[in-house]
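User: I've just opened this one and would like a quick tour. Can we take the odd spots one at a time?

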Amino acid sequence: TPENKNVVLEEFTGIHCTYCPDGHKKAQQLKDNNPGDVILVNVHTGGYATPGNGEPDFRTSFGSGLGNQSDLTGYPAGTVNRKVFSSYAMDGGTAMGRSSWQAAGATILTEPSYVNVAGEATLDVQNRELTVEVEYYYTGASPQSTNKLNVALLQNNVEGPQTGAESFYPANILPNGNYNHQHMLRHFLT
């Protein structure tokens, strides 16, 4: 059955970014307002993601490339489906400030999708093996001759520091004072 597109919001963030918790909150609100139709990916990259002594390093080998291709000019920034929204773009690319994510997401949710994608993962904890199956089914003609699929491994409930959390997203502060990071990009499987 043909469906409309889902939103994939890749948020560029870092543990030393004061306003990033506000971005985390706005992204979560977008997801909460559209159950089952929004996927959040928090990409720790850039200077604000550089850990200090004794701090965890949440960066991945993919972060710089993702950030660079978006043309971001500040943090937090985000891309919605890696699409250029010229009226919201930071510097002509796909990156937008957090105040534009809701409107860009609303636009995407009204667009028809020509492919349905589903995924299922199983984890064998004892053998430390993750098996991921992805299925796609075309319900229409693609406007591109080649389509590519990225499968990302995300992690929720990662405890760590976060500048600005007390002011902008105190609900994500754990009883011990650390921040509860969500939707953290850990690896691209494809």
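**Pocket and backbone**

User: Which strand gives the most to the lining of the largest pocket?

Analyst: It's a predicted model, with local features needing pLDDT of at least 70 and side-chain atom pairs 80 or more, while totals for chains, interfaces and linings use all residues. Residues count from 1 along each chain as written, and side-chain values use heavy atoms, without hydrogens or water. A pocket is an open set of 1 Å grid points over the protein atoms alone where a 1.4 Å probe fits, with protein on both sides within 12 Å along at least five of seven lines (lining: an atom within 4 Å of a point). Strands 1, 2, 5, 6 and 7 each supply at least two lining residues, but the top contributor, with 7 residues, is strand 5.

User: Which peptide bond is cis?

Analyst: Most peptide bonds are trans. Look in the loop between helix 2 (63-70) and strand 3 (77-80), where Pro76 sits; helices are DSSP H or I runs of at least four residues, strands E runs of at least two. With omega near -5°, the cis bond runs from Tyr75 to Pro76.

User: Is His183 buried or exposed?

Analyst: His183 is in the loop between strands 9 and 10, and has a positive phi of about 55° without being a glycine. Buried means under 20% relative accessible area, exposed over 50%, partly exposed in between (1.4 Å probe, protein chains only). His183 comes in at 11%, so it's buried.

User: And what is phi of Asp71?

Analyst: Asp71 lies in the loop between helix 2 and strand 3. At 35% relative accessibility it's partly exposed. Its phi is positive, though it's no glycine: near 65°.
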